[in-house]
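User: Could you take a close look at one part of this model for me? I would like to know how the charged side chains pair up and what surrounds them.

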Amino acid sequence: MQHEDAGGGPISPGPGNSTGNPPGPDASSAPIRQQVAERLFDEKNRIARRSRVREFVFGAMDGLLVPLGVVSGVAAGTGNVRAVIVAGLAEAFAGALSMAAGEYLSSEAETQVQQAEIAREQREIVEMPAVEREEVQQLFEHEGLTVDEAGAVSRILERHPESWINTMVEKELGLSREVSTSPFRNALIMGVSYIIAAAVPLAPYFFLPLVVAFGTSLILTTIALAVIGYVKGRLGVMAIWKSVLQVVVVGLASGAGGYVLGTIVPSLLERAGR
């Protein structure tokens, strides 16, 4: 039956099918679908890349701060360039190995815990489907869907096991079934970033007299800390100046602490007769 509008003309069913239903994908939407698909499935890779940058920044900050405190303290306490270099090298390599080992073990443990939780969720879907159906419905109700809408979503997901388990893992557990981290790679990034950064406060002592090397070490470390603060601010979407100031202040405080300990402890030991 064909209806007429106010002017007596026939009403077209619109850009859908002959029944007036919403239109499906057509040729005009193909470029948009392709663009969205390319960007959508690259988002997780982008986040993973940013995560690796964060690991590098974290390792570099430790690699700057700890050796700076050590070489400053040894320089103040001994006044011996050779002692500073030996202490700095020992700390740099020991610190890099420690950071890499800690990152590897913690990443591996985190991955194992997450995989165990995902396996438990998969078992529950097989063994208690009615309970899991109700959980899905309540999760979507909590996000604002009506009871009927959430029930419809739950029934649709039940017919698609992969989508069902993915939904439960992501919404209930807050995890992802895709393994986006590699414990070995994380450990390598952490260790390499630490050893590279540790060279900054230590390098001047190889080429300069102690007094000059001490000041140069502080200047180079301050510049490196400012760069790390800039990167940290960009990653954290925070004020760049605030991030730079925060990192530089913490770093210089670490160096000052090492220097103070290096001057106070030897004098205390001398008074104690040791």
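Analyst: Happy to. Before the charged pairs, a word on confidence, since this is a predicted model. Over residues 1-22 the pLDDT stays under 50, and the model has 13 contacts beyond four places in sequence for that stretch. Where pLDDT is low, the predicted coordinates should not be read in detail. For the chain as a whole the average pLDDT is 78, with 74% of the residues scoring at least 70. Among the elements, helix α1 (residues 30-40) has the lowest mean pLDDT, 67, while helix α8 (residues 204-207) has the highest, 92.

Now the setting. The chain has 10 helices and 0 strands. Of its 274 residues, 29% are buried. Among contacts with a separation of 6 or more, 68% join residues 24 or more positions apart. The chain exposes about 17000 Å², and carbon and sulfur atoms supply 64% of that area.

On to the charged pairs: a search of the whole structure finds 4 salt bridges. Let us begin in helix α3 (81-127). There, the side chains of Arg120 and Glu117 meet in a salt bridge at 2.9 Å, N to O. The two residues both lie in α3 and are 3 residues apart, about one turn of the helix. How buried or exposed is Arg120? Its relative accessible area is 29%, so Arg120 is partly exposed. Glu117 has a relative accessibility of 31%, so Glu117 counts as partly exposed too. This pair also belongs to a wider arrangement, as Glu117, Arg120 and Glu124 are linked in a network of salt bridges.

The next bridge joins the side chains of Glu158 and Arg133, at 2.6 Å, N to O. This pair links distant parts of the chain: Glu158 sits in helix α5 (residues 147-158) and Arg133 in helix α4 (residues 129-142), 25 residues apart. Glu158 has a relative accessible area of 31%, so this residue is partly exposed. Arg133, at 26% relative accessibility, counts as partly exposed as well.

A further bridge is made by the side chains of Glu143 and Lys171, which meet at 2.9 Å, N to O. Here too the pair links distant parts of the chain: Glu143 is in the loop between α4 and α5, whereas Lys171 is in helix α6 (residues 161-173), 28 residues apart. Glu143 counts as partly exposed because its relative accessibility is 48%, which falls between the 20% and 50% cut-offs. Lys171, at 34% relative accessibility, is likewise partly exposed.

For contrast, consider another acidic residue of α3, Glu91. The relative accessible area of Glu91 is 15%, under the 20% cut-off, so Glu91 is buried. Which residues does Glu91 touch? Leaving out residues up to four places away in sequence, Glu91 touches Val66, Pro67, Val70 and Tyr194. One of these, Val70, is 21 residues from Glu91 along the chain, and their C-alpha atoms are separated by 7.7 Å.

The surface also has a nonpolar side that helps complete the picture. Phe56, Tyr104, Leu105, Phe184, Leu188, Val192 and Ile196 form a nonpolar patch, with about 680 Å² of accessible area together. The elements giving two or more residues to this patch are α3 (81-127) and α7 (183-202). Helix α7 contributes the largest share, 4 residues. Phe56 comes from elsewhere, helix α2 (residues 43-78). With a relative accessible area of 39%, Phe56 is partly exposed. So helix α3 takes part both in the patch and, through Arg120 and Glu117, in a salt bridge.

Finally, the structure holds 1 aromatic pair. Phe206 and Phe207 form this pair, with 6.3 Å centre to centre and 50 degrees between the planes, a tilted arrangement. Phe206 is partly exposed, at a relative accessible area of 44%. Phe207 has a relative accessibility of 69%, over the 50% cut-off, so Phe207 counts as exposed.

Terms used: Residues numbered from 1 in each chain as written. Predicted model: local features only at pLDDT ≥ 70, side-chain atom pairs only at ≥ 80, totals over all residues. Heavy atoms only, no water. pLDDT = per-residue confidence, 0-100. Contact = heavy atoms within 4.5 Å. Buried < 20%, exposed > 50% of the residue type's maximum accessible area, 1.4 Å probe, protein only. Areas by Shrake-Rupley, 256 points an atom, 1.4 Å probe, with all protein chains shown as cover. Patch = residues over 30% accessible without salt bridge, like charges linked within 9 Å, V, L, I, M, F, W, Y side chains within 5 Å. Phe/Tyr/Trp six-rings, centres within 6.5 Å; stacked < 30°, edge-to-face > 60°.
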